[in-house]
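These are my notebook entries from one session with a two-part display of sequence and coordinates. I set down what I looked up, entry by entry.

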Number of protein chains: 2
Amino acid sequence: MQSPVALIPQLAAHLVAAGGKRIRPLLTLAAARLCGHQGQRHVALAACVEFIHTATLLHDDVVDESALRRGAPSANAVFGNKPSVLVGDFLFARAFQIMVADGSLRVLDILATASATIAEGEVLQLVTQNDTATTEEQYLQVIEGKTAALFAAATEVGAVVAERPQAEAEALREYGRTLGVAFQLVDDALDYSASQAALGKTVGDDFREGKITLPVLLAFNSAAEEEQVFWRRVLEERDQADGDLEKAIALMQSRGTLQATIERAREYGARALDALSIFPDGEERRALAGIVEFCIARAR
Amino acid sequence: MQSPVALIPQLAAHLVAAGGKRIRPLLTLAAARLCGHQGQRHVALAACVEFIHTATLLHDDVVDESALRRGAPSANAVFGNKPSVLVGDFLFARAFQIMVADGSLRVLDILATASATIAEGEVLQLVTQNDTATTEEQYLQVIEGKTAALFAAATEVGAVVAERPQAEAEALREYGRTLGVAFQLVDDALDYSASQAALGKTVGDDFREGKITLPVLLAFNSAAEEEQVFWRRVLEERDQADGDLEKAIALMQSRGTLQATIERAREYGARALDALSIFPDGEERRALAGIVEFCIARAR
C-alpha cells in the first residue's frame with residue numbers, strides 16, 4: 001500500500017486499522033494449504049484478493065454514501081469521496097502489479113474475471129434497487145456477482161498456486177462460490193437484525209437505500225395488499241418516516257422471511273461443505289469447513 | 001464493452017458516441033507499426049489502453065463533478081455517479097481480461113504499473129488542489145502521473161508486441177512520456193483560452209475547482225502582493241464571483257503565463273521528436289511526429 005503520495009498510505013492505514021474479518025484472503029491461504037502448497041506465493045496472492053475487495057469496498061461506500069464501515073467511520077466519511085475513489089483505483093492496480101510479479105496468467109485471468117463480474121453484480125444491484133418487481137433470480141445474480149465471484153476466485157487461486165488437478169480447482173471454486181452466496185444471505189438478514197456493534201455498520205442501511213434483498217423480496221411477495229402499499233412507499237418511493245424500519249422488521253418477522261433467508265444460507269453452506277468432500281479429511285479441510293460454520297453462525 | 005447487465009453497454013455506448021480524440025490507442029497502433037509489427041495483437045491492446053483511459057475519465061468526472069465531457073453531457077450527469085464509478089471499474093477489469101487473453105506478462109506489467117501511477121497522480125492532484133504553495137516540481141509530478149504515464153505505456157506496448165530490442169521500447173516510452181506532458185500542458189492552457197466547442201468542455205473548470213496548473217502557478221509566483229490576495233481568495237478559499245475568471249485570465253495574459261505554458265509544451269514536444277530519431281525516417285515515424293504537431297497545434 002506504499003506510495004510516495006502520502007495520502008494513499010494514510011487512507012490505506014485507516015482501512016487496515018478498521019480491521020474486518022479478512023475472510024477472503026484467509027480463503028486463499030486455507031485453500032492453498034488444503035492443496036498442499038509448500039511455497040509462499042499464496043501470501044502475496046491473498047493480499048491481491050484483499051486489495052481487490054478493499055477497492056470495491058471503497059467504491060461501494062462512495063456509491064452507497066455509507067458513513068460507517070466495520071464499526072468505524074468509513075474512508076469516504078473521513079477523507080471524502082474523491083480520495084476514496086482514487087485510492088480504490090490505486091489498490092486495484094496494485095493488486096494487478098503484484099499478480100504480474102507472481103507471474104501466473106491463470107491467476108491473473110481468475111482475478112481479472114472476478115473483478116469484472118463484481119462490477120457487473122454491483123451495477124445490476126443499482127438497477128434492481130428500489131424495484132419491488134425484482135425476482136429471486138435477479139437477486140441471486142446480484143449476490144453471485146458482487147460477493148460470490150471473489151470468494152470463488154479466492155479459493156480457486158489457492159488450488160492454482162498449488163498446481164493441483166482441475167477437479168480440485170473446480171471443487172474449491174464451487175466451495176468459495178456457495179460460501180459467498182451463504183455469506184451474503186446472512187449479511188442481508190443481519191442488516192435487519194444485528195446490533196450495530198456486531199455488524200460493524202448501521203442497522204437498516206439496505207432499507208434506507210431501498211436495496212431489494214431476499215428478506216424484503218420474500219416479504220413483498222407474500223404481502224397482503226396494504227402491506228404491498230407500505231413496501232412500495234418505503235422501498236420504491238423511499239418515502240420513509242420514523243417507525244417504518246421497525247414496521248418492516250415486524251412484517252419480515254411475521255412472515256418469517258429473515259429466518260427463511262438464514263435457512264437458504266444454510267443450504268448454500270451445506271453445498272460448500274459438499275464441495276470439500278473430494279479432499280481427504282484433515283486439519284486443513286476442517287479449517288475450511290469451520291469458515292462455513294463461522295459465516296452461518298454470524299446470523300445468531 | 002458487452003455485458004448481460006444492460007446498463008453497462010448503455011453507458012459505454014454513451015461514451016463511444018461522445019467521440020474523443022482516441023489519441024492513446026492511436027499511439028499504440030502507430031508505435032506497433034513503426035516497430036514493424038505484422039500481427040493483430042496491437043488492436044486489442046490499443047482497446048485496453050482506451051478502456052483504462054475511459055475508466056479514469058469516468059472516475060475523474062465523478063471526482064471533479066464535471067457536467068460536460070467531450071462537448072456532451074458527461075456520463076455522471078446522464079446516468080449518475082454510481083453507475084459511472086462501477087462501469088469505470090468494469091472497463092478497468094475488462095482491460096485486464098483482454099490483456100490476459102493476449103498473454104504477455106510484460107504488457108500486463110506496463111499497463112498495471114501505468115494504472116497505479118495514474119491513480120497516484122490523481123491523488124497528488126487532489127492534495128495540491130487549492131494550495132498556491134504547490135511547486136512546479138509537484139505540478140510536473142501530477143501530470144507525469146495522471147497523463148504522461150498512460151501515453152508512455154501506450155507507446156511502449158507498441159514496441160513490446162513487435163518484440164523489438166529494449167532500446168526501441170525505451171525510445172518509444174520516452175516519446176510517449178514527453179508527448180503526454182506536452183499534451184497536458186496544452187490542455188491546462190486551453191482550460192483558460194479555448195472556446196467550449198473546441199475543447200469539448202467548459203472553460204474555467206480548473207479555475208472553479210482551484211486546480212493548481214502551470215498557467216496559474218506561474219501567475220501566482222510572479223504576482224504582486226494584491227494579486228496574490230486575489231489568487232488566494234479564488235483558488236484557496238474558492239471564494240469566486242462574477243468576473244473573477246476574466247480577471248484571472250487577464251492576469252495570466254499580462255504575465256504571459258499561458259504563452260509560457262505553451263512554450264514549455266513545445267519543449268516537451270521537441271523532446272518527443274528527439275526520441276523518435278533512432279527510428280529510420282518513413283511514413284510511420286512521420287505519423288508519430290505528426291501527433292506531436294497535432295497536440296501542440298491544439299493551443300492555437
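The entries below take up confidence, backbone angles, charges and separations in turn.

**Entry 1: confidence**

I noted at the outset that this is a predicted model. I then looked up the confidence of chain A, whose average pLDDT is 93. Of the residues in chain A, 97% score at least 70. I asked which element of chain A has the lowest mean pLDDT and which the highest. Helix α9 (residues 196-199) has the lowest, at 56, and helix α7 (residues 136-161) has the highest, at 98. I recorded a caution for my own reading: where pLDDT is low, the predicted coordinates should not be read in detail.

**Entry 2: positive phi angles**

I looked for residues other than glycine with a positive phi and wrote down two of them. A:R238 has a phi near 50°. I located A:R238 in the loop between α12 and α13 (244-255) of chain A. With a relative accessibility of 42%, A:R238 counts as partly exposed.

In chain B, I noted B:E163, whose phi is about 55°. B:E163 sits in the loop that runs between α7 (136-161) and α8 (166-190) of chain B. I asked whether B:E163 is buried or exposed. Its relative accessible area is 66%, so B:E163 is exposed, the cut-off being over 50%.

**Entry 3: a negative patch**

I next looked up the surface charges of chain A. A:D131, A:E236, A:E237 and A:D239 form a negative surface patch. I followed one of these residues further: A:E236 belongs to helix α12 (residues 225-236) of chain A. The relative accessible area of A:E236 is 31%, which makes this residue partly exposed. I checked this value against the patch criterion: a member must have over 30% relative accessible area, so A:E236 passes with 31%.

**Entry 4: salt bridges**

I asked how many salt bridges a search of the whole structure finds. The search returns 30 over all chains. I examined three of them.

In chain B, B:E209 pairs with B:K211 in a salt bridge, and the closest N and O atoms are 3.4 Å apart. I asked whether these two partners are buried or exposed. B:E209 has a relative accessibility of 11% and counts as buried. B:K211 also counts as buried, at 8%.

Also in chain B, I found a salt bridge between B:R286 and B:D281, with 3.5 Å between the closest N and O atoms. Both B:R286 and B:D281 are exposed.

I then turned to a network in chain A. Salt bridges with shared partners join A:E144, A:E174 and A:R177 into one network. Within it, A:E174 and A:R177 form a salt bridge whose closest N and O atoms are 3.2 Å apart. Both residues lie in helix α8 (residues 166-190) of chain A, 3 residues apart, or about one turn of the helix. A:E174 is partly exposed at 28% relative accessible area. A:R177 is likewise partly exposed, at 21%. The limit for buried is under 20%, so A:R177 is not counted as buried.

**Entry 5: buried residues and C-alpha separations**

I looked up four buried residues and, for each, a C-alpha distance within its own chain.

A:T147 has its place in helix α7 of chain A. This threonine is buried, with a relative accessible area of 3%. I read 14 Å between the C-alpha atoms of A:T147 and A:H59, which are 88 residues apart in sequence.

A:N76 lies in helix α4 (residues 75-79) of chain A. I noted a relative accessibility of 9%, at which A:N76 counts as buried. From A:N76 to A:A154 the C-alpha separation is 26 Å, across 78 residues of sequence.

B:T56 is part of helix α3 (residues 41-64) of chain B. Its relative accessible area is 16%; the cut-off for buried is under 20%, so B:T56 is buried. B:T56 and B:D244 are 188 residues apart in sequence, and their C-alpha atoms are 30 Å apart.

B:L11 lies in helix α1 (residues 7-17) of chain B. What is the relative accessibility of B:L11? I read 0%, and B:L11 counts as buried. The C-alpha atoms of B:L11 and B:R238 are separated by 32 Å, with these positions 227 residues apart along the chain.

Methods: Residues are numbered from 1 along each chain as its sequence is written. Chains are lettered from A and ligands numbered from 1 in the order in which they are written. This is a predicted model: local features need pLDDT of at least 70, side-chain atom pairs count only at pLDDT 80 or more; totals for chains, interfaces and linings use all residues. Side-chain values use heavy atoms; hydrogens and water are left out. Patches are made of residues with over 30% relative accessible area and no salt bridge: like charges are joined within 9 Å, nonpolar side chains (Val, Leu, Ile, Met, Phe, Trp, Tyr) within 5 Å. Accessible areas come from the Shrake-Rupley method with a 1.4 Å probe; for residues, only the protein chains shown count as cover. A salt bridge is a side-chain nitrogen of Lys or Arg within 4 Å of a carboxyl oxygen of Asp or Glu. Lys and Arg count as positive and Asp and Glu as negative; His and the chain ends are not counted. The place of a charge is taken as NZ of Lys, CZ of Arg, CG of Asp or CD of Glu. Helices (H or I, at least four residues) and strands (E, at least two) are DSSP runs, numbered from the N terminus. Buried means under 20% relative accessible area, exposed over 50%, partly exposed in between (1.4 Å probe, protein chains only). pLDDT is the predictor's confidence in each residue, from 0 to 100.
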